[in-house]
Amino acid sequence: MDSQWKIFEVFHQSARGEPHVHVGSVHAPDGDTALMLAKEQFGRRQACVNIWVVAASAIVATSYDDADMFEHATDKSYREAFGYETTKRAKLAGDAEEI
């Protein structure tokens with residue numbers, strides 16, 4: 001028999017319209033108890049208008065081993081100012097005038 005309660009991740013909202021922010025986790029037998037424990041632990045000392053609890057087992061996440069999936073497949077430096085040749089030439093011209 002498993003003697004450990006389930007882990008619930010706690011998300012806290014400090015003001016209406018603000019995003020919920022992960023503040024920690026609690027161990028509880030069910031969601032209602034997790035809400036009560038989260039309120040006592042994370043809602044007492046800071047401004048709070050809403051708390052979410054999510055069973056950690058219900059969260060689907062990527063693996064740290066798959067970090068390469070977040071690399072950009074194509075070079076999109078043309079979207080940035082440093083990607084233009086004119087910027088590089090202007091910088092060289094500016095450097096030449098200073099000499």
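How many helices and how many strands does the chain have? In this predicted model, the chain has two helices and three strands. Followed along the sequence, these elements occur in the pattern β-β-α-β-α. The chain comprises 99 residues, of which 13% are buried. Its exposed area is about 8,400 Å², and carbon and sulfur atoms supply 54% of that area. Among contacts between residues at least 6 apart in sequence, 40% join residues at least 24 apart.

The three strands form an open sheet in the order β2-β1-β3, with antiparallel pairing. The edges of the sheet are taken by β2 (21-28) and β3 (50-55); each has a single partner strand, so one side of each is left without a neighbour in the sheet. From one strand to the next, the twist averages 30°. In general, the strands of a sheet pair through backbone hydrogen bonds, in either the parallel or the antiparallel sense.

Strand β1 spans residues 6-13 and is joined to β2 by seven bridges, the two strands running antiparallel. Within this pairing, F11 stands opposite H22 of β2. The pairing of β1 with β3 is likewise antiparallel and extends over six bridges. There, E9 has V54 of β3 as its bridge partner.

Helix α1, residues 31-42, lies across β1, β2 and β3 and runs at about 125° to β2. The largest nonpolar core consists of nine residues, namely F8, V10, V26, A28, A34, A38, F42, I51 and A55. The elements β1, β2, α1 and β3 each give two or more residues to this core. The largest share, three residues, comes from α1. Such a grouping may be set beside a general tendency: in soluble globular proteins, nonpolar side chains tend to be buried together.

One member of the core, I51, illustrates the contacts made across the fold. With residues up to four places away in sequence left out of the count, I51 touches V10, F11, L35, A38, K39 and G43. Two of these partners, V10 and A38, are also listed in the core.

Strand β2 provides two further residues for examination, G24 and S25. Is G24 buried or exposed? G24 counts as buried because its relative accessibility is 15%, below the 20% limit for that class. Beyond its neighbours within four places in sequence, G24 is in contact with F8, E9, V10 and F42. The C-alpha atoms of G24 and E9 lie 6.0 Å apart, although the two residues are 15 residues apart in sequence. S25, by contrast, is partly exposed, with a relative accessible area of 35%. Outside the window of four places in sequence, S25 touches I7, F8, E9, V10 and F42. S25 and V54 are 29 residues apart along the chain, and their C-alpha atoms are separated by 9.1 Å.

Q13 is located in strand β1. With a relative accessible area of 10%, Q13 is buried. A polar atom of the Q13 side chain lies 3.4 Å from the backbone oxygen of A15. Apart from residues up to four places away in sequence, Q13 touches E18, P19, H20, A47, C48, V49 and N50. One of these contacts, N50, belongs to the edge strand β3 (50-55).

M36, a residue of helix α1, presents the opposite case in terms of accessibility. M36 counts as exposed because its relative accessibility is 52%, above the 50% limit for that class. M36 and V53 are separated by 17 residues in sequence and by 9.9 Å in space, C-alpha to C-alpha.

Taken together, the results describe an antiparallel sheet with the strand order β2-β1-β3 and a helix, α1, lying across β1, β2 and β3. The nine-residue nonpolar core draws two or more residues from each of β1, β2, α1 and β3.

Notes: Residues numbered from 1 in each chain as written. Predicted model: local features only at pLDDT ≥ 70, side-chain atom pairs only at ≥ 80, totals over all residues. Heavy atoms only, no water. Pairing = 2+ DSSP bridges. Helix = DSSP H or I, 4+ residues; strand = E, 2+ residues; numbered from the N terminus. Axes fitted to C-alpha atoms, helices over the stretch in contact; angles between N-to-C directions. Contact = heavy atoms within 4.5 Å. Core = buried A, V, L, I, M, F, W, Y, C linked by side-chain atoms within 4.5 Å. Buried < 20%, exposed > 50% of the residue type's maximum accessible area, 1.4 Å probe, protein only. Polar contact = N/O pair within 3.5 Å; in protein donor to acceptor, adjacent residues only side chain to side chain. Areas by Shrake-Rupley, 256 points an atom, 1.4 Å probe, with all protein chains shown as cover.
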